[in-house]
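These are my notebook entries on one protein chain. I set out to look up its domains, its sheets and a few backbone details.

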Amino acid sequence: MAFDVAALRQDFPILGRSVHGRPLTYLDNAATSQKPQVVIQALTDYYTQGNANVHRGVHLLSEEATQAFERSREVVARFLGLKESRGCVFVRGATEGINLVAETWGRTHLRAGDEILLTALEHHANIVPWQVAAERSGAKVVVVPVTPRGEVDLEAYRRLLSPRTKLVAFAHVSNALGTVNPAAEMTRLAKAVGATVLIDGCQAAAHFRVELPALGCDFYAFSGHKTFGPTGIGVLWGRPEILDALPPYQFGGDMIRKVDFDGTTFREAPERFEAGTPDIAGAIGLAVALEYFMTRQADAHAHEQKLLAAATERLLAIKGLRLVGEAPEKVAVISFLIEGGHPHDIGTLLDADGIAIRTGHHCCMPLMKHLGIPGTARASFAFYNTLEEVDRLAVSLEKIRKMMA
Ligand code: PMP
């Protein structure tokens with residue numbers, strides 16, 4: 001299938017709207033992506049024709065809903081390059097997935113003196129749960145520095161790994177800078193010292209093909225809303241043998257094998273971690289989104305890299321504009337600063353031109369501190385963005401730069 005971005009944009013109704021009288025230029029995809037009509041329709045169809053609670057129902061609607069829900073798990077497994085879906089746990093999003101691991105794995109595996117190795121570019125969602133787990137267990141959080149270009153300092157990473165390292169948790173892709181971390185290599189090094197590895201895949205899943213067997217990690221988390229699916233649904237993948245040995249995260253219906261006032265036994269993964277009625281519509285919508293994306297993934301990545309190259313060149317030509325994060329391996333995320341201009345002002349002025357970007361610390365306060373800046377302006381692209389939108393961004397920024405000079 002040829003990659004026709006104009007035709008593809010027709011699949012995303014919101015891209016046709018205007019903002020402040022201008023056509024919407026949506027460059028805040030790292031915060032959340034837009035949804036194709038097939039996803040919106042899948043949610044409507046489910047609620048108009050298919051709504052029923054899953055599991056244990058003997059009536060047709062419940063059977064259909066259960067089948068659709070479990071089929072979604074199969075799609076997720078395929079999306080992650082897995083042969084079996086049992087390790088795919090539906091959660092609210094990456095945040096809940098990481099919290100689940102920090103709570104259940106952390107409680108059972110971390111001891112005083114252990115080390116949790118994080119990188120300086122982590123999102124707060126991959127920092128705070130570990131800080132809390134460390135406080136509770138007496139373990140210590142150790143941080144791998146980031147180079148001025150915005151890459152994880154691999155020399156320091158190697159040095160900081162030791163037999164004390166019980167867990168390594170890092171982002172596959174930095175949401176603030178776009179850096180793609182060498183996840184397979186980092187995992188291999190962590191495994192060599194016997195550490196368990198969690199990868200926060202929130203920003204990777206929407207940009208390129210993720211093959212978990214090739215990565216070799218133990219846990220991988222991502223959010224549906226950043227991968228063209230609905231909000232409120234996401235996935236934590238864990239090795240089934242690790243998941244089965246963990247205590248449950250929450251307790252209630254569906255996750256039990258047998259309940260008795262004398263004692264309760266729990267099911268294996270994934271149900272073990274899916275207490276209560278799940279987000280059935282969300283899971284169905286997510287599967288449709290992933291299927292939509294998978295058929296376009298390779299072309300999408302090539303197109304995004306073109307957008308990244310064009311935007312980088314255009315922005316660097318603007319006097320006083322400085323890029324923050326210049327790793328050679330990046331997804332189409334561009335963080336920048338303009339001399340004399342506060343990022344929030346840049347964001348507000350771009351908004352007046354219909355251009356949506358994000359400004360501030362991007363939930364990476366430690367990274368901003370590490371880089372010695374309060375925040376950045378960040379334009380983040382998806383496969384439905386165009387070279388024309390890159391042009392609009394550059395023209396608008398040039399105008400803003402003159403206002404700020
Ligand atoms: N990790 C990264 C790298 C992210 O970019 C985000 C969202 N900005 C999260 C975790 C948290 O994702 P969510 O809010 O969907 O749980």
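The entries below go from the domains to the sheets and then to single residues.

**Entry 1: model and domains.** I note at the outset that this is a predicted model. I looked up the domain assignment, which gives domain 1 as 5-30 + 297-404 and domain 2 as 41-294. Taken over C-alpha atoms, the centres of domain 1 and domain 2 are separated by 28 Å.

**Entry 2: the interface.** I next asked how many residues of domain 1 and of domain 2 are in contact. I found 33 residues of domain 1 in contact with 29 residues of domain 2. The two domains bury about 2700 Å² between them, and 61% of this area is on carbon and sulfur atoms. I then looked up the leading contributors on the side of domain 1: Gln297, Val331 and Leu367 supply 26% of the area that domain 1 buries against domain 2, more than any other three residues.

I also checked the polar side of the interface of domain 1 and domain 2. The search for salt bridges across this interface returned zero. For polar contacts, I recorded 17 residue pairs across the interface, both residues of each pair being at pLDDT 80 or more. Which elements supply the side of domain 1 that touches domain 2? Helix 11, strand 14 and helix 13 (365-371) each supply at least two residues of that side. The largest share, six residues, comes from helix 13.

**Entry 3: the four-stranded sheet.** I traced an open sheet of four strands in the order 13-14-17-16 and noted that its pairing is antiparallel. I recorded strand 13 (321-324) and strand 16 (358-360) as its edge strands, each pairing on one side only. From one strand to the next, the twist averages 30 degrees. Within this sheet I followed strand 14 (residues 333-338) and strand 17 (residues 376-380), which pair in the antiparallel sense over four bridges. Ile334 has Ala379 of strand 17 as its bridge partner. I then looked for a helix on the sheet and found helix 11 (residues 297-316), which packs there and touches strand 13 and strand 14. The direction of helix 11 makes about 5 degrees with that of strand 14.

**Entry 4: the seven-stranded sheet.** I traced a further open sheet, of seven strands, with the order 4-10-9-8-7-5-6 and mixed pairing. Its edge strands are strand 4 (88-91) and strand 6 (140-144), each of which pairs on one side only. I noted an average twist of 20 degrees from one strand to the next. Strand 9 (residues 219-223) and strand 10 (residues 234-238) pair in the antiparallel sense, over five bridges. Here I found Phe219 opposite Gly238 of strand 10. I also recorded helix 7 (residues 183-192), which lies across strand 5 (115-119), strand 7 (165-171) and strand 8 (196-200). Helix 7 runs at about 160 degrees to strand 8.

**Entry 5: backbone details.** I looked up the peptide bond from Ala269 to Pro270 and found it cis, with omega near 0 degrees. Pro270 lies in the loop between strand 12 (263-266) and helix 10 (280-294). I also checked His20, a residue other than glycine with a positive phi, near 50 degrees. I placed His20 in the loop between strand 1 (18-19) and strand 2 (22-23).

Key: Residues are numbered from 1 along each chain as its sequence is written. This is a predicted model: local features need pLDDT of at least 70, side-chain atom pairs count only at pLDDT 80 or more; totals for chains, interfaces and linings use all residues. Side-chain values use heavy atoms; hydrogens and water are left out. Two strands pair if DSSP finds at least two bridges between them. Axes are lines fitted to C-alpha atoms, for helices over the stretch in contact, and angles run from 0 to 180 degrees between N-to-C directions. Contact means heavy atoms within 4.5 Å. Domain bounds come from an automatic or database domain assignment. Buried area is the accessible area (1.4 Å probe) that two parts lose on being put together, summed over both. A salt bridge is a side-chain nitrogen of Lys or Arg within 4 Å of a carboxyl oxygen of Asp or Glu. A polar contact is a pair of N or O atoms within 3.5 Å; within protein, one must be able to donate a hydrogen and the other to accept it, and residues adjacent in sequence count only if both atoms are side-chain atoms.
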